[in-house]
Amino acid sequence: MAKITTASLLNMKQQGEKISTITAYDASFAKLFDQAGIHAILIGDSLGMVLQGQDSTLPVTVEEMAYHTRSVKRGVEKSLIIADMPFMSYANQEQAIANAALLMQAGASMVKMEGGAWLNDTISALVERGIPVCAHLGLTPQSVNIFGGFKVQGRDNDKAQKMIDDAKALEAAGAQLLVLECIPASLGEAITKALTIPVIGIGAGKDTDGQILVMHDALGIACNYMPKFSRNFLQDTGDIKSAIALYISEVTAGNFPADEHTFK
Ligand code: KIV
């Protein structure tokens, strides 16, 4: 596999090839996933929950994200490295530029931010300065206190339409990738078809251009519970290398996610 860039992911969407991505937070797991052929690795602010045992992602800092990004970078040769911008690190454009620069200097090739069309100007400013952006819609965990819990989003028509409009606006602003989290599969499909850029789902059904899982969910080692949208690939295989190979092959074949992992 050649080194993966945003252009490679766009090409995969155009060719109808599924994109497999996963989170990692350290060099050892990142190396294993990279060698297995994963297309992109996200240093997710989910690390606040799965590494630190917090009950949300809100306490995670830019310094912590930069530390884990540096660690992941040392393990990766080919996968695209995406780093999450943590809570309140992109509340305004100046903060976003300064904090995204720190994560790029730590080794990311793209940063991810949660939110809709209010991010348009920030995304344009980052892209103009050479920082590729992955947008994130649906259940955006940094807004858990607005949602009143980790709940499926976009179930009513108005919210679904707003999400489609937001997705188009984010693409127009320059986002080169979009993550959709915990939404009905039909909405995941509609947004994927409406956009030119690749759309990666987590609990967004099988018709997005690719999938992402938190590594602790994919390996059945999350401290809290196994989300409906995940599958324990370690249980199906017995060792981590085979588990990741199975995850990639199931995504590639369109077998994961199955109906049981999907929201209606
Ligand atoms: O923080 C994270 O791991 C994420 C994924 C759930 C997409 O944002």
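At which residues does UniProt place the feature "binding site"? The unreviewed entry places this feature at Asp45, Asp84 and Glu114; UniProt positions are given here in the numbering used for the model, feature names are shortened, and annotations may be inferred rather than shown by experiment. The model is a predicted one, in which local features need pLDDT of at least 70 and side-chain atom pairs count only at pLDDT 80 or more, while totals for chains, interfaces and linings use all residues. Residues are numbered from 1 along each chain as its sequence is written, and side-chain values use heavy atoms, with hydrogens and water left out.

It helps to begin with the overall fold. The chain has 11 helices and eight strands, where helices (H or I, at least four residues) and strands (E, at least two) are DSSP runs numbered from the N terminus. The eight strands close into a barrel in the order S1-S2-S3-S4-S5-S6-S7-S8, with parallel pairing; two strands are taken to pair if DSSP finds at least two bridges between them. From one strand to the next, the twist averages 25 degrees, with axes being lines fitted to C-alpha atoms, for helices over the stretch in contact, and angles running from 0 to 180 degrees between N-to-C directions. In general, strands of a sheet pair through backbone hydrogen bonds, either parallel or antiparallel.

The dimensions of the chain fit this picture. For 264 residues, a compact globule would have a radius of gyration near 18 Å, and the 17 Å of the chain agrees with that; the radius is taken over C-alpha atoms, and the globule rule is 2.2 Å times the number of residues to the power 0.38. Along the principal axes, the C-alpha atoms fill a box of roughly 45 × 40 × 40 Å. Of the 264 residues, 56% count as buried, a term that means under 20% relative accessible area, with exposed meaning over 50% and partly exposed lying in between (1.4 Å probe, protein chains only). The accessible surface comes to about 11,000 Å², of which 51% belongs to carbon and sulfur atoms; the areas come from the Shrake-Rupley method with a 1.4 Å probe, and for residues only the protein chains shown count as cover. Among contacts with a separation of 6 or more, 61% are accounted for by residues 24 or more positions apart, contact meaning heavy atoms within 4.5 Å.

The annotated residues can now be placed on this frame. UniProt's "binding site" positions are Asp45, Asp84 and Glu114. They span 70 residues in sequence, yet no two of their C-alpha atoms are more than 11.0 Å apart, so they gather at one spot. Asp45 lies in the loop between strand S2 (40–43) and helix H3 (47–50) and is buried, with a relative accessible area of 3%. Leaving aside residues up to four places away in sequence, Asp45 touches Thr57, Val60, Met65, Asp84, Met85, Pro86, Glu114 and Gln142. Glu114 lies in strand S4 and is likewise buried, at 5% relative accessible area. With the same sequence neighbours set aside, the contacts of Glu114 include Asp45, Tyr90, His136 and Gln142.

Strand S4 (residues 110–114) is joined to strand S5 (residues 133–138) by four bridges, and the two run parallel. Within this pair, Met113 stands opposite Ala135 in S5. Helix H5 (residues 93–106) lies across strand S3 (80–84) and S4, running at about 140 degrees to S4.

On another part of the barrel, S1 has neighbours on two sides. S1 and strand S8 (residues 210–213) pair in the parallel sense over four bridges, and S1 pairs with S2, also in the parallel sense, over three. Ile22 takes part in both pairings, with Leu213 as its bridge partner in S8 and Ile41 opposite in S2. Both faces of S1 are covered: Ile19, Thr21 and Thr23 on one side, and Ser20 and Ile22 on the other, are all buried.

Just before S1, Glu17 is found in the loop between helix H1 (6–15) and strand S1 (19–23) and counts as partly exposed at 44% relative accessibility. Glu17 and Val251 are 234 residues apart in sequence but 9.7 Å apart in space, C-alpha to C-alpha. Beyond residues up to four places away, Glu17 touches Met12 and Asp209. Asp209 sits in the loop between strand S7 (199–202) and S8 and counts as buried at 12% relative accessibility. Besides Glu17, the residues touched by Asp209 include Lys13, Ile19, Thr192 and Pro198.
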